Amino acid sequence: LDTCWRFYIEPGGPYAVVDHPFTGAWVSCVDTGIVMHINDDDGVVDTTISISIFESATGITDTVNYPDPRLIWDSSSGLLLYHSSVSFTSDESVEVCILYAEDPIGNPLSPRPVCSNFYMDRYSPVLFNAVPPSVNIVYT
């Protein structure tokens, strides 16, 4: 045969980022969701998406794989949303990691894992030792 085939295999796999809450953020919203993006020019195979959530209050790491109902995936934009079935508690730190994802030809997420952490604080601020006391008048 006189036929020649040429094809190109795209190197590299999907890349990911945790957008919200940003690393080191203090969060006070009860229903805080986690916003992530996973993108690849060739697309992402949704059934390969795996994340982990570590909550310091329980000391437990929960691994969540798509299509878990706590994950919402939009393949057109690469948007991945996580909503905990139970609200995060106050005074805890939360670490989220995007553990794995592949593109359609099997290239894995790189680098991996992609992690971020944030802190929950749902208590109202308290003012101690106000100076001057609220009954005093200050003249300058």
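This passage walks through the confidence, charged side chains and aromatic pairing of a predicted model.

Residue numbers start from 1 along each chain as its sequence is written. In this predicted model, local features need pLDDT of at least 70, side-chain atom pairs count only at pLDDT 80 or more, and totals for chains, interfaces and linings use all residues, while side-chain values rest on heavy atoms, with hydrogens and water left out.

Confidence comes first. The protein has a mean pLDDT (the predictor's confidence in each residue, from 0 to 100) of 91, and 99% of its residues reach 70 or more. Among the elements, which are DSSP runs numbered from the N terminus (helices, H or I, at least four residues; strands, E, at least two), β7 has the highest mean pLDDT, 98, and strand β2 (residues 25-27) the lowest, 93.

Next come the salt bridges, where a side-chain nitrogen of Lys or Arg sits within 4 Å of a carboxyl oxygen of Asp or Glu. Side chains of opposite charge can pair when their charged atoms come close. The structure holds two such bridges. One is between Asp62 and Arg70, at 2.6 Å from N to O; the other links Asp68 and Arg70, at 3.0 Å. Shared partners join Asp62, Asp68 and Arg70 into one network. As for accessibility, buried means under 20% relative accessible area, exposed over 50% and partly exposed in between (1.4 Å probe, protein chains only). By that yardstick Asp68 and Arg70 are both buried, with Arg70 at 19%, whereas Asp62 is partly exposed at 28%.

Glu55, in strand β4 (residues 45-55), tells another story: the residue is buried but has no salt bridge, and the nearest side chain of opposite charge (Lys and Arg count as positive, Asp and Glu as negative; His and the chain ends are not counted) is Arg70, 7.2 Å away. Setting aside neighbours within four places in sequence, Glu55 is in contact (heavy atoms within 4.5 Å) with Ile60, Phe88, Glu92 and Ser93.

Asp103 sits in the loop between β8 (92-102) and β9 (114-120). Asp103 is also buried without a salt bridge, with Arg112 as the nearest side chain of opposite charge at 11 Å. What Asp103 does have is a polar atom of its side chain 2.9 Å from the backbone nitrogen of Asn107. Beyond four places in sequence, the contacts of Asp103 include Gly12, Gly13, Pro14 and Asp40.

Asp40 belongs to the loop between β3 (34-39) and β4 and counts as buried at 15% relative accessibility. With residues up to four places away left out, Asp40 touches Gly12, Gly13, Pro14 and Asp103. A polar atom of the Asp40 side chain lies 2.7 Å from the backbone nitrogen of Asp42. The C-alpha atoms of Asp40 and Arg112 are 14 Å apart, with their positions 72 residues apart along the chain.

Finally, the aromatic side chains. Rings of Phe, Tyr and Trp (its six-membered ring) pair if their centres lie within 6.5 Å; planes under 30 degrees apart are stacked, over 60 edge-to-face and the rest tilted. The whole structure contains two aromatic pairs. One of them, Phe88 with Phe118, is edge-to-face, at 5.8 Å centre to centre and 75° between the planes. Phe88 lies in the loop between β7 (79-82) and β8 and Phe118 in strand β9, so the pair ties together parts that are 30 residues apart in sequence. Phe88 is buried, at 1% relative accessible area, and Phe118 is buried at 1% too.

How values were computed: A polar contact is a pair of N or O atoms within 3.5 Å; within protein, one must be able to donate a hydrogen and the other to accept it, and residues adjacent in sequence count only if both atoms are side-chain atoms.
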